[in-house]
Amino acid sequence: MNKILVVGIILILIGIGWGLLLDGIGMREWLLLLSGIILGIIAGLVQRWAVARQRLGLITPGKKRLWIIGVIVVLVIVKVAINVFIPSYLATSNSGIYLSIVYAIGGLLLGHALYLRFKPMPQPAKLRANRT
């Protein structure tokens, strides 16, 4: 099993345990945490896509960095917007904010692992030519 996948699953499991220990977590909060995982997975997939495109020589390293950083910025903006428009315990407590971060990072790692699992990282043309 991929190390990134294991770490992502461990973070999600830690988040579940942590969430069960908090008193203010209701159905709305669990759904918001699930949305954090889904957004993290999407962000992780896009980041790995950018890395793969750069390895193939289709984009420059600068554009790859722009994609990776841009996806993180968009993830944070969307999570903050969700917390503003759907006020909950997660948005008003320190523990809830940190719990949301754990879920988003876990989702990000799951997205990285899913991309690698279903679409292996391409080898640059130079490396492929040397192997044959």
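The following paragraphs describe the fold, the helix packing and four selected residues of a predicted protein model.

The model is predicted, and local features were considered at a pLDDT of at least 70 and side-chain atom pairs only at pLDDT 80 or more, whereas totals for chains, interfaces and linings use all residues. Residues are numbered from 1 along each chain as its sequence is written, and side-chain values use heavy atoms, with hydrogens and water left out.

The protein contains six helices and zero strands, where helices (H or I, at least four residues) and strands (E, at least two) are DSSP runs numbered from the N terminus. Read along the sequence, the pattern is α-α-α-α-α-α, and the C-alpha trace spans about 60 × 30 × 20 Å along its principal axes. Of the 132 residues, 34% are buried, a class defined by a relative accessible area under 20%, with exposed meaning over 50% and partly exposed the range in between (1.4 Å probe, protein chains only). The exposed surface of the protein amounts to about 8200 Å², of which carbon and sulfur atoms supply 71%; accessible areas were obtained by the Shrake-Rupley method with a 1.4 Å probe, and for residues only the protein chains shown count as cover. Among contacts with a separation of 6 or more, 80% join residues 24 or more positions apart, a contact being a pair with heavy atoms within 4.5 Å.

Two packed helices are described by the angle between their axes and the distance between the axes. Here the axes are lines fitted to C-alpha atoms, for helices over the stretch in contact, and angles between N-to-C directions run from 0 to 180 degrees. The axes of helix 1 (residues 3-21) and helix 2 (residues 27-55) come within 12 Å and cross at roughly 165°, which makes the two helices roughly antiparallel; angles over 145 degrees fall in this class, while those under 35 count as roughly parallel, those from 65 to 115 as roughly perpendicular and the rest as oblique. The crossing of helix 1 and helix 2 is right-handed, a term for a near helix turned clockwise from the far one by less than a right angle, with left-handed denoting an anticlockwise turn. Helix 1 contributes Ile 4, Ile 12, Ile 16, Gly 19 and Leu 20 to this contact, and helix 2 contributes Trp 30, Ile 37 and Arg 48. These residues of the contact of helix 1 with helix 2 comprise six nonpolar, one polar and one charged, with Ala, Val, Leu, Ile, Met, Phe, Trp, Tyr, Cys and Pro counted as nonpolar, Asp, Glu, Lys and Arg as charged, and the others, Gly among them, as polar.

Helix 1 also packs against helix 5 (residues 94-118), with axes that come within 8 Å and cross at roughly 155°, so that helix 1 is roughly antiparallel to helix 5. This crossing of helix 1 and helix 5 is left-handed, and the residues of the contact divide into 17 nonpolar, seven polar and no charged. Helix 2 and helix 3 (residues 61-85) pack at an angle of about 170° with their axes 9 Å apart, and are therefore roughly antiparallel to each other. Among the residues that meet in this contact are Leu 32, Leu 39 and Trp 49 of helix 2 and Trp 67, Ile 68 and Leu 75 of helix 3. The contact of helix 2 with helix 3 comprises 15 nonpolar, five polar and two charged residues.

Individual residues were then examined. His 112, which lies in helix 5, counts as buried at 14% relative accessibility; beyond residues up to four places away in sequence, His 112 touches Ile 4, Gly 44, Leu 45, Gln 47 and Arg 48. Ile 25 lies in the loop between helix 1 and helix 2 and is likewise buried, with a relative accessible area of 13%. With residues up to four places away not counted, Ile 25 touches Gly 19, Trp 30, Tyr 89, Leu 90 and Leu 99, and its C-alpha atom is separated by 8.8 Å from that of Ser 88, 63 residues apart along the chain.

Arg 53 of helix 2 counts as partly exposed at 30% relative accessibility. Apart from neighbours within four places in sequence, Arg 53 is in contact with Leu 58 and Ile 59, while the C-alpha atoms of Arg 53 and Pro 122, 69 residues apart along the chain, are separated by 8.5 Å. Phe 85, found in helix 3, counts as exposed at 68% relative accessibility. Phe 85 and Lys 64 are 21 residues apart in sequence and 31 Å apart in space, C-alpha to C-alpha.
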